[in-house]
Amino acid sequence: MSPLLDFLRRHERDRGLMAALRCGLKESQEARAWPVLARFCDLASHGEKDRHRCRVVRTVAGLFATHPAAGGQGDMGALCLALCREDERAGLRSWRSGNEGERNEGPMAARLRSLLAAGPEEICARVTRVALYAKSRDLPVDYAQLEKDLLAWPRSRRAWAQHFWGSAGAGAPDAASDPEAAEGAS
């Protein structure tokens, strides 16, 4: 577990701290989260890699503070699949089985496409919308995987796509079998 997630789990019952971290999700209020975020990233850095890390830390901490439900497993592709309505799932099953004429790409597929098209500057804001939707549906988010994937962005995109559109039973790429994922893990 990362130092950030370890800290969040240890303090998840601290309502004041969680309220401050939720402010990190709103640009106009993010300064309230800085006293905590400064422990995990260099807020004053001007390098793009450091700014991206701060966006990731702010996003993961803010989302955790908003929806700390335990039990999330998988990446954003798997979460988007879990968020699909039954009619969209049927369309995906049809697509996977080769019935291209019966393809029914619904709102979660469109949302995932939006995530996959995002650059490092915008991925955190787009992920926030999906995670908040998961909260509304009472589905947990795997914050450890989310932090890892966002830090490796955009190399994580292929795994997200595989977990959403990949055929059932086909192994999803992991760091050992996907050179791009392995690069992002280092």
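How are helices α5 and α10 oriented to each other, roughly parallel or roughly antiparallel? The answer comes out of the packing around α5, and a short look at the whole chain helps before turning to that helix.

The model is a predicted one. The protein contains 11 helices and 0 strands, so along the sequence its pattern reads α-α-α-α-α-α-α-α-α-α-α. Of its 186 residues, 41% count as buried. Among the contacts with a separation of 6 or more, 66% join residues 24 or more positions apart.

The largest nonpolar core has 45 residues, and Leu-21 and Trp-160 are those with the most contacts inside it. Helix α4, residues 48-66, gives the largest share of this core, with 8 residues. Leu-21 touches Leu-8, Ala-33, Val-36, Leu-37, Ala-61, Gly-62 and Ala-65, leaving aside residues up to four places away in sequence. Trp-160, the other residue named for its contacts in the core, returns below in the packing of α5 with α10.

Now to α5 itself. Two packed helices are described by the angle between their axes and the distance between the axes. Helix α5 (residues 76-83) can be described in this way against three partners: α10, α8 and α7.

With helix α10 (residues 157-165), α5 packs at an angle of about 30°, and the two axes are 7 Å apart. Angles under 35 degrees count as roughly parallel, and α5 and α10 are therefore roughly parallel to each other. The crossing in which α5 passes α10 is right-handed. On the α5 side the contact is made by Met-76, Gly-77, Ala-78, Cys-80 and Leu-81, and on the α10 side by Trp-160, His-163 and Phe-164.

The second partner is α8. Helix α5 and helix α8 (residues 123-136) pack at about 45°, with axes 11 Å apart. These two helices are therefore oblique to each other, and α5 passes α8 in a left-handed crossing. Here Met-76, Leu-79, Cys-80 and Leu-83 of α5 meet Val-127, Val-130, Tyr-133 and Ala-134 of α8.

The third partner is α7. The axes of α5 and α7 cross at roughly 160° and come within 9 Å. That angle makes α5 roughly antiparallel to α7. The crossing is right-handed. Met-76, Gly-77, Cys-80 and Leu-83 of α5 make the contact with Met-108, Leu-112 and Leu-115 of α7.

Helix α7 spans residues 107-117, and its buried residues are Met-108, Ala-109, Leu-112, Leu-115 and Leu-116. Viewed down the axis of α7, these buried residues fall within an arc of 115°, so they line one face of the helix. Met-108, Leu-112 and Leu-115, which are among the buried residues, are the α7 residues that make the contact with α5.

One further residue belongs to the stretch that precedes α5. His-67 has its place in the loop between α4 and α5. With a relative accessible area of 7%, His-67 is buried, the cut-off for that being under 20%. Leaving aside residues up to four places away in sequence, His-67 touches Ala-134, Lys-135, Leu-139, Pro-140, Val-141 and Tyr-143. One of these, Ala-134, is also among the α8 residues that meet α5.

Note on methods: Residues are numbered from 1 along each chain as its sequence is written. This is a predicted model: local features need pLDDT of at least 70, side-chain atom pairs count only at pLDDT 80 or more; totals for chains, interfaces and linings use all residues. Side-chain values use heavy atoms; hydrogens and water are left out. Buried means under 20% relative accessible area, exposed over 50%, partly exposed in between (1.4 Å probe, protein chains only). Helices (H or I, at least four residues) and strands (E, at least two) are DSSP runs, numbered from the N terminus. The arc is that of the directions from the helix axis to the C-beta atoms. A nonpolar core is a set of buried Ala, Val, Leu, Ile, Met, Phe, Trp, Tyr and Cys residues joined through side-chain atoms within 4.5 Å. Contact means heavy atoms within 4.5 Å. Axes are lines fitted to C-alpha atoms, for helices over the stretch in contact, and angles run from 0 to 180 degrees between N-to-C directions. Angles under 35 degrees count as roughly parallel, over 145 as roughly antiparallel, 65 to 115 as roughly perpendicular and the rest as oblique. A crossing is left-handed if the near helix is turned anticlockwise from the far one by less than a right angle, and right-handed if clockwise.
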